[in-house]
Amino acid sequence: MTNDPQQSEPRVKRAWTVILAWIGGISAVLGFIGAITGFFGNIQGHFHHNAQLDSQMAVAQSQSRQGDYQASVQSYGAILKTEPLYRPALDQQLQSAMLWVENYEPGDNSGAAVASQLDQIIAILDAALARTNGDVGADVQAHLGWAHWLNQHVAQREFPPNAAAERNFRAALATDSSNVYANAMLGNWMTMNGGSLTDAIQHFNTAVATGKARAFVRTLQLAGFYNLQDQLGARAALMKALNEMRKNGEPLDADEKHRFLGFCCDPGVTDHAELTESLSAVSADDTWQTYLWLDDQQKTGEDAKHQGLIHDFVAANITEISGDKQKSLDEYRALQKELKNQGTTLMDATDQAIARLSHS
C-alpha cells in the first residue's frame, strides 16, 4: 500500500510541533534553572558582601572602643571607598573623628604627621556639616572648632591664632546655645587666649549643667582655670569646680589633686591674698572638706608631721576668713609654738598672720 502524500504531511507537521514543544519546554526549564541559579548566586553574593561589611564595621568599632581613634577612622574610610554612601560607616566614622579630637595626643609624631592627622580630621568634620543639623550639627561644628584650635596650638598653623576655632564655637552656640561641647571648648579657649574669665566661667557652668560629657568638660574647665596663674578670680573659680566634683563624687587622679592643691592652698607657693581667695570661694565647711579631699595622701613620719602643721595653718586661715578673729589668732599662736625656731616658709606665714590680726 502506497503512502498518500496528502495524509503524511499533517503527521510530519504534528511531529515537528511536538519536537518544537519539547525544545521549548527544555529551553524554558533550562532558562528557569539559570534564573534560579543566578538568583541564588546573587543572594549568596549579597550575604557574602554583607558579612564582609559587618566584619569590617566590627573591626572599626572595636578600634574606637579601645581608644585607637586614628585606626578606627581609617577602617571606616576603607569601607567608604567601596560604599561611599553607607550611612552607618559615615556616622560612626564621624563619631570616631570627634572622639579623636577630644582625646588628641600628638605623641612622638613630627609636625608634618600631626598636620596630616588634623587635616584628615578636619576633612571628615567639614563633610559632616553638610549632612547634619540641629544638636548633632552643633556637636560637629564645635569639634571642628577644636580641631582648628589644635591646628594652631599643636601643629602651629592657622595664624592669626584661632580665628577659625572661635568662629566655629560661636556658630555651634548659635545653633544650640546649651551645647556642651561648644560651651566647654569656648570657655577653655577664652582662658587660653586672654578672654573674659567671667564669660568663661558662664560657659563652663552651662556645659556642666547639661550633665553630658562630664569628664571632658571638667578636663577643659580645670585646665583653663589653672592656666590663669596670675589672674584674680581663677583660684576661686577652680576651688568652686573642685568642691562640686568632691560633692558629686567625680574622680580626680592623685597628680591632678596635688597640682591643684599647690596652686590654690599651698602656703609656700601662694601669698596671703591668693590663699584667701581660694579658701573663701565656698563655705568654710566645704572649703575644709575639699582641702582634705585634695590633700588625701597618707604620709608617715616627718612628712605626716609637716602635713599636719600645714593643715593647722589652713584651718586657722579658714577660721580667720569666717570672721572669728580671736579664735584664729589663738590657732596661729598654737601653731607658732610648734614651729618655734624652724625658720620655714610656714613659720614666716604664721608670724605674718599673728602680726596682721594683732594690729587689726
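Helices here are DSSP runs of H or I with at least four residues, strands are E runs of at least two, and both are numbered from the N terminus. Keep in mind that this is a predicted model, where local features need pLDDT of at least 70, side-chain atom pairs count only at pLDDT 80 or more, and totals for chains, interfaces and linings use all residues. Residues are numbered from 1 along each chain as its sequence is written, and side-chain values use heavy atoms, leaving out hydrogens and water.

**Exercise 1. Place Q156 and A213, and say what their phi values show.**

Step 1: start with Q156. You'll find Q156 in the loop between α5 (134-153) and α6 (163-175). Its phi is near 55°, a positive value in a residue other than glycine.

Step 2: check the surface. Buried means under 20% relative accessible area, exposed means over 50%, and partly exposed is in between, using a 1.4 Å probe and protein chains only. Q156 has 58% relative accessibility, so Q156 counts as exposed.

Step 3: do the same for A213. This residue sits in the loop between α8 (197-209) and α9. A213 isn't a glycine, yet its phi is positive, about 45°. With 27% relative accessibility, A213 counts as partly exposed.

**Exercise 2. Get an overview of the chain: what is its secondary structure, and how much of it is buried?**

Step 1: count the elements. The chain has 16 helices and zero strands.

Step 2: look at burial. Of the 360 residues, 40% count as buried.

Step 3: look at the contacts, where contact means heavy atoms within 4.5 Å. Take those between residues at least 6 apart in sequence: 58% of them join residues at least 24 apart.

**Exercise 3. Describe how α9 packs against α10, then against α7.**

Step 1: know what to look for. Two packed helices are described by the angle between their axes and the distance between the axes. The axes are lines fitted to C-alpha atoms, for helices over the stretch in contact, and the angles run from 0 to 180 degrees between N-to-C directions.

Step 2: take the pair α9 (residues 214-227) and α10 (residues 234-248). Their axes are 9 Å apart, and the packing angle is about 155°. That makes α9 roughly antiparallel to α10. For the wording, angles under 35 degrees are roughly parallel, over 145 roughly antiparallel, 65 to 115 roughly perpendicular, and the rest oblique.

Step 3: list the partners. From α9 come R214, R218, Q221, L222 and F225, and they meet residues of α10 including A234, L238, L242 and M245. By class, this contact holds eight nonpolar, two polar and three charged residues. The classes work like this: Ala, Val, Leu, Ile, Met, Phe, Trp, Tyr, Cys and Pro are nonpolar, Asp, Glu, Lys and Arg are charged, and the others, Gly among them, are polar.

Step 4: turn to α7 (residues 180-192). The axes of α7 and α9 come within 8 Å and cross at roughly 15°. The two helices are therefore roughly parallel to each other. Among the residues making this contact are V180, Y181 and A184 of α7, with F216, V217 and L220 of α9. The contact of α7 with α9 has nine nonpolar, four polar and no charged residues.

**Exercise 4. Find the surroundings of R214, L94 and H311.**

Step 1: R214 is in helix α9 and is partly exposed at 24% relative accessibility. Skipping residues up to four places away in sequence, R214 touches V208, N248 and E250. R214 and V180 are 34 residues apart in sequence, with their C-alpha atoms 9.0 Å apart.

Step 2: L94 lies in helix α3 (residues 87-102). It's buried, at 3% relative accessible area. Beyond four places in sequence, its contacts include I124, L125 and V140. L94 and V140 are 46 residues apart in sequence and 8.4 Å apart, C-alpha to C-alpha.

Step 3: H311 belongs to helix α14 (residues 301-321) and is buried at 14% relative accessibility. Leaving out residues up to four places away, H311 touches W288, Y291, L292 and D295.

**Exercise 5. How many disulfides are there?**

Step 1: apply the rule, a pair of cysteine sulfur atoms within 2.5 Å. The count comes to zero disulfides.

Step 2: check C264. Its nearest cysteine sulfur, that of C265, is 5.3 Å away, and C264 is in no disulfide.

Step 3: add burial. C264 is buried at 0% relative accessible area, and C265 counts as buried at 1%.
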